[in-house]
Amino acid sequence: MIRFLTFTYPLLCLLVAGFPAASTAQANDLDWDALDHLVDSHQEPGEPGISVAVSVGGQLVYERWAGQADLERTVPIDAETRFHIGSISKQFTAFAIMLLVEEGKLSLDQGVRDFIPELETRPTPITIRHLLNHSSGLREENGLLLLTGQTQATPTTADQALDLFFRQRGGNFTAGERQEYSNTGYQLLAEVVARVSGQPFAEFMQSRVFEPLGMTQSFVRTDPNQIIDNIAMSYDPTEAGFANSHLLSATYGSTGIVSHPRDLLIWAHALNSGKIGEADVSDAVTAMAVRSILPNGRRLIATNGQEYRSFHGFDTWSHGGSTGGFRSFLLRVTGEQPDKQVAIAAIGNRSDFLKAAFAFDVAEIVLADRLGTEEKVGFLPEIGDQLDRYTGDYRLFAGVVFSLRRDGDALTFATFGEEGVRLPQIGKGVFMLNPLRELRLEFHDFAEDPSGVQRATEMRWQVSEDGYIPAPRVVMEPVPQTPLNTDELAGIYFSDTLQQTLILYAQTGKLWLRTGDAKHVPFNRYQPDTFRPEAETGFQRLEFRRDGVGSIESLLVSASLANDIEYRRIGGSNASSP
């Protein structure tokens, strides 16, 4: 029996193409009402919605959708509505690489320049494995595009993005040194697949994965202007309701796949079974489950397009996606007999959908009869100097530094140099920052400082159950209080790698940035010769460089995960105006 339900249609029982009928035992084991209530709790009439499907042992046992696919035309989400799945696409790209490895056409430890010689030669070569496990050190595509005035709403092709990567010189860190999430790496992997296989990436995925599996609702989008039937629109919540979150970027490898929850379950079963039709792909699946280890001994969570988590003692593999206003999550619960393995696909067309938390909530309901009773371990909130091990400054991104200070028996949180707000402690080393987004600050790594006190070495910026961004502890200088000489900083600056000119000018004693897309942003100094924006912009940090006599000669610009891009000074302050 398959559960098939919307807000407006009665319960139906039917078979869905690509899936055998679920057994009565599997259907009866599920708490249908709890699943329905969970879906209902995420929706309000007339709002964007979600679509979810669940399989057990490769058999579809539950499917439901709710909400609007298109608010302007009042088109509801239905059984055939498709969505952009964002970064879930990465595991398809990783699988394509593993197929080529299995066929002997490449090695994971080969240098990427063996296949893409247009990339810069580096002292430490970047390998295919570095791209797969997000340890390449390459600058992030989205950050680079923002610096050039482009967003996900800008028509951008894979060739345009590749050209941007080929022009880069330098990077964020040496390959293999640490992990830093990279869409750039997976776009390059898609290009490797195309060059090694001799097929365009979209055709490779269609012929080697989608068609053999019967994933009839799935394809790689390569044209920003392509018309896609049965596709949901995507939305951002606003104070007035919702606004369009246009998605015209058509890059792929890191993203780019259009799909449907049922198709994603077919894919999940292929990974669980190691089969695509009659073809045995178990070696490729096994290779995808290998997690890399950094030089410091840390085992990486996100590798090969999927993340490993232990959930109530079950092994799980998952990945989420966020693109435009689309939010998606694919969760596989493995480690059980094949007929009991669970897969959950959840996709929404609203950017406030906490997709990972939702998917794991579904898993708790589906696995209810197999979960043991877990004793809740209480904790005593830390007080006084017990909190000192968390205090300090932590850098999330370039120009984004947060300060934790102690105010009596509470921690306070603030952007560096500003006043802080108190944080409630919700667990040992866990503090809640934003309950609406389930945004938490967590501390797991500590080291002894010179005085013998154990102090946190990094803060984890944990967003719901999606995962975390590491923010290492940094030592900051006090915010400069000396008068700012804007005249010596103002001028025209040019980047060879971005082919972009920036104009910095002085106004009302502040330094302002004017970009090529006519945006004007004020910047504040927070370290010597280092500035951060007062308003939202892709430019997160400006750091001026001086010559031997102290004159400004260049500017290092950083965006999110795209650090220290050099802009040469080509004109003085009298060459610019607002």
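These legends walk through close-up views of a predicted model.

**View 1. Tyr390 and Phe443 meet as a tilted aromatic pair.** Across the whole structure, a search turns up 21 aromatic pairs. In the pair shown here, the ring centres of Tyr390 and Phe443 sit 4.9 Å apart, with 45 degrees between the planes. Tyr390 comes from the loop between α11 (355-366) and β20 (392-397), while Phe443 comes from the loop between β26 (439-442) and β27 (446-448). The pair thus links distant parts of the chain, 53 residues apart. Tyr390 is buried, at 0% relative accessibility, and Phe443 is buried too, at 4%.

**View 2. Phe402 and Phe413 make a tilted pair between two strands.** Here the rings lie 4.8 Å apart, centre to centre, and their planes differ by 35 degrees. Because Phe402 belongs to strand β21 (residues 400-407) and Phe413 to strand β22 (residues 410-415), the pair ties together parts that are eleven residues apart in sequence. Phe402 counts as buried at 10% relative accessibility, as does Phe413 at 9%.

**View 3. An aromatic cluster, with an arginine over one of its rings.** Take a look at the cluster formed by Tyr390, Tyr394, Phe431, Phe443 and Phe446. Arg389 lies over the face of Phe446, at 4.3 Å from the ring centre.

**View 4. Arg262 and Glu63 join a helix to a strand.** A search of the whole structure finds 37 salt bridges, and the one in this view pairs Arg262 with Glu63, whose closest N and O atoms are 2.6 Å apart. Arg262 lies in helix α9 (residues 261-273) and Glu63 in strand β3 (residues 59-66), so this contact ties together parts that are 199 residues apart in sequence. Where do the two side chains stand on accessibility, buried or exposed? Arg262 is buried at 10% relative accessibility, and Glu63 is buried with a relative accessible area of 1%.

**View 5. Arg178 takes part in salt bridges with Glu177 and Glu180.** With Glu177, the N to O distance is 3.4 Å; with Glu180, the distance is 3.7 Å. Arg178 is partly exposed, at 32% relative accessible area, and Glu177 is also partly exposed, at 45%. Glu180, by contrast, counts as buried, at 15%.

**View 6. A salt-bridge network that includes Arg460.** Shared partners join Arg298, Asp445, Glu458 and Arg460 into one network of salt bridges. While you are here, find Tyr468 as well: Arg460 lies over the face of its ring, at 4.3 Å from the ring centre.

Methods: Residues are numbered from 1 along each chain as its sequence is written. This is a predicted model: local features need pLDDT of at least 70, side-chain atom pairs count only at pLDDT 80 or more; totals for chains, interfaces and linings use all residues. Side-chain values use heavy atoms; hydrogens and water are left out. Rings of Phe, Tyr and Trp (its six-membered ring) pair if their centres lie within 6.5 Å; planes under 30 degrees apart count as stacked, over 60 as edge-to-face and the rest as tilted. Helices (H or I, at least four residues) and strands (E, at least two) are DSSP runs, numbered from the N terminus. Buried means under 20% relative accessible area, exposed over 50%, partly exposed in between (1.4 Å probe, protein chains only). A charge sits over a ring if NZ of Lys or CZ of Arg is within 6 Å of the ring centre and within 35 degrees of the ring normal. A salt bridge is a side-chain nitrogen of Lys or Arg within 4 Å of a carboxyl oxygen of Asp or Glu.
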